[in-house]
Amino acid sequence: MSLQAGARQVHPLVDSANQQYQNGHYHQAIELYSQVLAAGKEAPGIYYNLANAYYKSNQLAPAILNYERARLRDPGNEDIRHNLKLARQQITDRIEKIPEFFLTRWFRQFINLFSSDQWAYISMATFLAFLLLFSLYLYAGRLALKKGAFWSSILTLAIAVSSFAFSLQQKQDIVRSQEAIVFDAKVTVRSSPDESGTELFVIHEGTKVYIEDRVSEWYEIELTDGSQGWLKRQSVEPI
Amino acid sequence: MDFTAKAPNVVRQGQQFRLTYTVNSQAGDFNPPDLSPFDVLAGPSTSSSTNVSIINGKMTRKYRQTYTYVLQASETGKYTLSPAQVEVDGQTYQSNALTIEVIKQKQGSGGQKQSSPSQAQKGKTKEVQAPGDDLFVKVLVDKDRVYQAEPLVATIKLYSKLNISGLENVKFPAFEGFYKQEIETPTLRQLEKENVNGQIYGTGILKKYLLFPQKSGQLTIGSFQVDCIVQKKVEGKSRSIFDDFFGSYRNVRMSVESEPVGVQVRPLPSGAPRHFSGGVGSFQIDAKLDKQQVKVNEGVSLTLEVSGRGNLKVMDHPSVEFAPDLEVYDPKVSNNIEVSQRGARGTKTIEYLIIPRHAGEYRIPPVRMSYFDLDQQAYLTRQTEPLTLQAKPAAGDTTTGGRRSYARQDVSIIGSDIRYIQTDGFDLKEKNTFVFGSPGFYLTYAGGLAAFFVVLFFRRRKAKESADLALLKQRKANKFARKRLKAASRYLKQDNKDQFYEETLKALWGYMSDKLGIPIADLSRDHVRGKLQEREIPEELISRFVDLIDNCEYARYAPASQSGGMEQFYREALSTITALQQKLK
């Protein structure tokens, strides 16, 4: 009950934020969307709208950060992907991606068809279906029915198990995100976690990095092209 | 036809001066104005000159006729001489009017005004002297409070009481923060006389600029520097009679510098319209197409003409919103601007070359241009009429059947923008809560499995129970049959034929029912035979059983009967059941 009441309180906030966005008051819209998130509520749409507002007020790094967050929570959404792509085109760094093995890529794309919750529901539904079909197999009189029930129960069990795994995977991506977005206009990446480390390369606002290791004030990061180095914790924002 | 009057602007009381009228054609009747404020000392003396020049075989003849008066002013004051009239070829022409100011005579001065360039130039020492009040330069501005981009005129003027023979090392000021355009001024030949605070100075305009401030705030026009070569009379020293008569002059270099001038530039008021092009002044805009109808792939030019007064040269040209499928080339911009004392005036012509690549009607929406009007102190917007361009399919291209001969086009992306925000269907939930790992999630699996096993368990038990019952019946079938047969044997002893056969029949069927697990109602000879064959009971035993049943049914209803038959039948039934019992274990 209390959760329901809470949700209803947040909705007017979202509506007024959308209103501000429609009127072109992007800064106010950012403020309101952030309040919704600060209240401990979230939805992919909120992150997406917030990112749009940031984009419109020319704040590229927070825009990309929130698009990424929205995409993790609703990986199948075409609008989010489109806008994220557009925002990425405007960042300074153009980093060549290491090409992934095509099976890995397909697998990734397949998992990204649904979010963690959706996979969880699929898993639950198919598991129950499996139990029903298996019971049918056990008690069916006719041989053909028995056969059909057996094979379809095996299939549903396989789907249930794999979607269980996918759901776990998608959840881990959000909870233990190793990705971060560069927020500083310009960051020098060093060879070791201290100021005297050799300067390796410079990256700019909006670039995505993968956090490999943490040492006090520093993150060890890797770029999509495979280069690694250390940078200060406050120059990036984990997704 | 040119008829001009010329005289100094300022003269001293009692000074002699010339008044000349010049006409560039053979003149007839000359009518001088009333010269009464002045004493006419001489004139009018007439002189004429002819100048013939042949350039490239073309001869031009210039004729000049001059009427000269020598006048003297007797009274101080400002006098206006009305225009003189002259008759040329039966027509009357008028000269310009003149204003002459007569100021009081001062003692010990006036000697400087000797225009005697032929004087001896002795002692060419380039000595630099402080100019003092007798020689200075000034930068004059006509306005010192202007709006940004509002034009102002800066005049560099030389004031001198001395005899100047030349200027050197001219350094014009840096007009920082201004866009400057020079105003044509006649070459300085002679200094004009002017009354400055009651003193006569020879003045000359060195340069004139039209300035457009490019930024707001306090702008400063830096100083103007020039070295003047001044002829000075040498006094004292050699006192020969010739020196006294001719005077002895030497050249002195005097460096003069003007004071910097400040100009207060106000920024344009806020609230500039969207189409503001940076223009300040007053403008008109006009657009026209050179052809209204063209064939596809033919060029048309759209000419935008911005005309008026103001900073035409620096303002942006207005943008035209062309239909996206028109091929438009970068415009050619030409300026025809005349700069004068009153500002810059002219036309800016912007010419676009347009090529329609598809047949159809293209609309060119009104071109809007906003500017800041200085008179009304407000932003005004001018717009052109909307234009339409009709493109007809290109004719005569028979090879492609009248089709366009160029490649198909992709849908051209005119702009890219992010997609719009999500407006509804928000499924708000607590942060970082997932279905995966929630109690409900695991409960679904656990509950499903539990329900499955419960069902399984009950089905198993029920099946076992019914299986047990069948086994019991089977086990007890023999016993039960014997019990029935025992009852039959009782009837045998009583010689009750009907009851005996009935009981025997019941015992036989009942045995089969229990043994094979078939309900009594479903029993028939064929059914039993089939079931027994399934269990691989020898055919001989099956027929024995079926015969027994047949005999029993027959004997039951047969009229003739003897107890001996009954006795034998009983034994036969007993032995058959025993035999079946062995086989049906």
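In strand β28 (residues 343–356) of chain B, R345(B) is the bridge partner of R309(B). That arginine pair comes from a predicted model, and it belongs to a longer run: β28(B) and strand β25 (residues 300–310) of chain B are paired in the antiparallel sense over 10 bridges.

β28(B) has further partners. Strand β27 (residues 332–340) of chain B pairs with β28(B), again in the antiparallel sense, through nine bridges. Just two residues sit between β27(B) and β28(B), and the two strands make a hairpin. Here S340(B) faces G343(B), the latter in β28(B). Then there is strand β26 (residues 326–328) of chain B, which contributes three bridges to β28(B), also antiparallel. For L326(B), the bridge partner in β28(B) is P356(B).

Strand pairing also crosses from one chain to the other. β1(A), residues 41–42, is joined by two bridges to strand β33 (residues 429–430) of chain B, and the two run antiparallel. On the chain B side of this little link, E430(B) in β33(B) is the bridge partner of K41(A).

What about the interface as a whole? Chain A puts 33 residues in contact with 23 residues of chain B. On the chain A side, the elements that supply two or more residues are α1 (2–22), β1 (41–42), α3 (44–56), α5 (78–88), α7 (116–139) and α8 (143–175). α7(A) provides the largest share of that side, with 10 residues. Sorted by class, the chain A residues that touch chain B come out as 18 nonpolar, 10 polar and five charged.

One of those contributing elements, α3(A), also packs inside chain A against helix α2 (residues 26–38), at an angle of about 155 degrees and with the axes 9 Å apart. Angles over 145 degrees count as roughly antiparallel, so that is how α2(A) and α3(A) are arranged relative to each other. The crossing of α2(A) past α3(A) is left-handed. From α2(A), the contact draws on Y26(A), A29(A), I30(A), Y33(A), S34(A), V36(A) and L37(A), while α3(A) brings I46(A), N49(A), L50(A), A53(A), Y54(A) and K56(A). Nonpolar residues account for 10 of the participants in this helix contact, alongside two polar and one charged.

Technical notes
Residues are numbered from 1 along each chain as its sequence is written. Chains are lettered from A and ligands numbered from 1 in the order in which they are written. This is a predicted model: local features need pLDDT of at least 70, side-chain atom pairs count only at pLDDT 80 or more; totals for chains, interfaces and linings use all residues. Two residues are in contact if their C-beta atoms, placed from the backbone, lie within 7 Å. Helices (H or I, at least four residues) and strands (E, at least two) are DSSP runs, numbered from the N terminus. Ala, Val, Leu, Ile, Met, Phe, Trp, Tyr, Cys and Pro count as nonpolar, Asp, Glu, Lys and Arg as charged, and the others, Gly among them, as polar. Two strands pair if DSSP finds at least two bridges between them. Axes are lines fitted to C-alpha atoms, for helices over the stretch in contact, and angles run from 0 to 180 degrees between N-to-C directions. Angles under 35 degrees count as roughly parallel, over 145 as roughly antiparallel, 65 to 115 as roughly perpendicular and the rest as oblique. A crossing is left-handed if the near helix is turned anticlockwise from the far one by less than a right angle, and right-handed if clockwise.
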